[in-house]
Amino acid sequence: MELGRKIAEALEAATFERVAGVGLANAEANRSRIARSVLDLAETPLGAGEAAIVVGAGPSLYRRRSLERLRAAGFAGTIVAADGALGACLRAGVVPHVVVSVDPHPERIVRWFGDPTLSAPRGDDYFRRQEMDPTFHGDELAANRALVELVNAYGPKIKVAAATSAAPAVVERCEQAGMDLYWWNPMYDDYDAPDSLSRRLWEMNGLPCLNGGGNVGTAAWVLTHAVLAKARIGLIGIDLGYAPGTPYEKTQYYPELVEILGDRHREAFIHTTHPETGEVWFSDPAYHWFREVFLEMARSADCRTVNCTEGGLLFGPGITTATLDSFLAEAAGDTTRHG
Amino acid sequence: MPEFLKGNYKLDAKIEDKADATDSTDEFEKKALSRLGGSICFVSKKSLMWQGEAQPKASRATPGNGDKDKAKADGAGPKDR
């Protein structure tokens, strides 16, 4: 078996190792701030109809100008964005109804909301490596300041579905920007197992546990289906892979792969041809695992999931592929028919 | 070990029990792999949402669609919308 696929098989347990400790500590730290459950979102007016768009931060957002097209179409349904896609949404003039945040990292994630405390570029290049918008590759500080202003301006219109694992700095930033927070627990383990952490967490705060699927984009899809009960969900920016021509050193886990595998790090990348576009995209072990997990979840989900990224690596049983324009046209027809 | 393979001599070197070494290798691998993991867990073969116990079942659940509804939510699901 290829090295990348072999590593991917170990990532369910590895992710628990990575996030459980800090996630539970954050849950404890966030406890006093929890006022609303994510279930309350289901009772809150969001977009019209049964269709929703879930926005991830993948490269297709820019390659396909998905957000500009979404805005131009005047989509009336619900828009749920991963936190990493918030900046791209606002810069494109799309204000999501809900933003989902889960990552417990103490410093990185606040940048997706604009970090008012940032006065110099940080040594950690996580953000620079992943921010797909070319405007961020120039003056990082100016781009951050612009995002701070955008989030401050639109924050009161945006609801945050915050996992209890979210870093306190993110929670503080959202509150400061006037965003309403709706809380949920990440599902850490089998809630039926003895000494389950998920169960202990639920006993502590009474919040529902969502099976996150490894990454915030998948968690946003889970929320849109299981909490908001949307029956038809279009995906944009959820590529679960890297676009053709992306240098390996620009990929999310590159430093870790080099450190762990040394000269063999190139063997960890998995290349796949998209069946419709013929483009060769690639993934690393983490994104390969995310893809496998998404397909497993989508197969048993009681909704129609339409991949409108027009590329990427998310295809297979349980996923329909369509152009964004056709998804939006169908949704517009529904809204017109049903008012 | 079969009798005929046993040596008829004594070794000067001390043979370490490999159990500790294996444990530390496992631990190293576990820690290394954790750096490649995601930002949120995935729990295979469980529902998308669990709301604890002693709550009503999901109101959207329909008879005959059990597997799919089970995949969606254990415990109380979203209210009627």
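Two strands count as paired if DSSP finds at least two bridges between them. The exercises below apply this to a predicted model.

**Exercise 1. Find how strand 3 of chain A is paired, and which residue of strand 4 is the bridge partner of A:Val98.**

Step 1. Strand 3 covers residues 98-101 of chain A. Strand 4 covers residues 159-163, runs parallel to strand 3 and is joined to it by four bridges.

Step 2. Within strand 4 of chain A, A:Lys159 is the bridge partner of A:Val98.

Step 3. Strand 2 of chain A (residues 78-82) is also parallel to strand 3, with three bridges between the two. Here A:Val80 is the residue opposite A:Val98.

Step 4. Between strand 2 and strand 3 of chain A the chain passes through helix 5 (residues 86-91), and this β-α-β crossover is right-handed.

**Exercise 2. Sort the residues of strand 3 of chain A by the way they point, and state whether they are buried or exposed.**

Step 1. A:Val98 and A:Val100 point one way, while A:Val99 and A:Ser101 point the other way.

Step 2. All four of these residues are buried.

Step 3. A:Val100 also belongs to the largest nonpolar core, which has 113 residues; A:Val100 and A:Leu223 have the most contacts inside this core.

Step 4. Apart from residues up to four places away in sequence, A:Leu223 touches A:Val38, A:Val80, A:Val100, A:Ala161, A:Leu210 and A:Leu228. In soluble globular proteins, nonpolar side chains tend to be buried together.

**Exercise 3. Place A:Thr78 and list what it touches.**

Step 1. A:Thr78 lies in strand 2 of chain A.

Step 2. The cut-off for a buried residue is 20 or more other C-beta atoms within 10 Å. A:Thr78 has 23 such neighbours, so it counts as buried.

Step 3. Beyond the four nearest places in sequence, A:Thr78 has contacts with A:Leu46, A:Gly47, A:Ala52, A:His97, A:Leu228 and A:Lys230.

Step 4. For A:Ala52, the C-alpha atom is 4.6 Å from that of A:Thr78, although the two residues are 26 apart in sequence.

**Exercise 4. Show why the buried residues of helix 8 of chain A lie on the same side of the helix.**

Step 1. In helix 8 of chain A (residues 168-176), the buried residues are A:Val170, A:Val171, A:Arg173 and A:Cys174.

Step 2. These residues span an arc of only 165° around the axis, so they are on the same side of helix 8 of chain A.

Step 3. Their cover includes helix 2 (11-30), strand 3, strand 4 and strand 5 (180-186) of chain A.

Step 4. A:Gly178, just after helix 8 of chain A, has a positive phi of about 80°.

**Exercise 5. Decide whether A:Asp195 and A:Ala229 are buried or exposed.**

Step 1. A:Asp195 is not a glycine, yet its phi is positive, about 60°. A:Ala229 likewise is not a glycine and has a positive phi of about 60°.

Step 2. A:Asp195 sits in the loop between strand 5 and helix 9 (197-205) of chain A. With 7 other C-beta atoms within 10 Å, A:Asp195 is exposed.

Step 3. A:Ala229 sits in the loop between helix 10 (216-227) and strand 7 (232-236) of chain A. A:Ala229 has 22 C-beta neighbours inside 10 Å, so it counts as buried.

**Exercise 6. Describe the hairpin formed by strand 8 and strand 9 of chain A.**

Step 1. Strand 8 (residues 270-273) and strand 9 (residues 280-283) of chain A are antiparallel and share four bridges. A:His271 has A:Phe282 as its bridge partner in strand 9.

Step 2. Six residues lie between the two strands of the hairpin, and in the turn A:Gly278 has a positive phi of about 75°.

**Exercise 7. Work out what chain B gives to its contact with chain A.**

Step 1. Chain B has two helices and two strands, in the order α-β-α-β from the N terminus. Of its 81 residues, 27% are buried.

Step 2. The contact involves 32 residues from chain B and 50 residues from chain A. Helix 1 (18-34), strand 1 (49-50) and helix 2 (66-72) of chain B each give two or more residues. Helix 2 of chain B gives the largest share, five residues.

Step 3. By class, the chain B side has 13 nonpolar, nine polar and ten charged residues.

Step 4. Strand 1 of chain B pairs with strand 6 of chain A (residues 209-210) in the antiparallel sense, over two bridges. In this pairing B:Met49 is opposite A:Leu210.

Definitions and conventions. Residues are numbered from 1 along each chain as its sequence is written. Chains are lettered from A and ligands numbered from 1 in the order in which they are written. This is a predicted model: local features need pLDDT of at least 70, side-chain atom pairs count only at pLDDT 80 or more; totals for chains, interfaces and linings use all residues. A residue is buried if 20 or more other C-beta atoms lie within 10 Å of its own, exposed if 12 or fewer, and partly exposed in between; C-beta atoms are placed from the backbone. A nonpolar core is a set of buried Ala, Val, Leu, Ile, Met, Phe, Trp, Tyr and Cys residues joined through C-beta atoms within 7 Å. Two residues are in contact if their C-beta atoms, placed from the backbone, lie within 7 Å. A crossover is right-handed if, with the strands pointing away from the viewer, the path from the first strand over the helix to the second runs clockwise. Ala, Val, Leu, Ile, Met, Phe, Trp, Tyr, Cys and Pro count as nonpolar, Asp, Glu, Lys and Arg as charged, and the others, Gly among them, as polar. The arc is that of the directions from the helix axis to the C-beta atoms.
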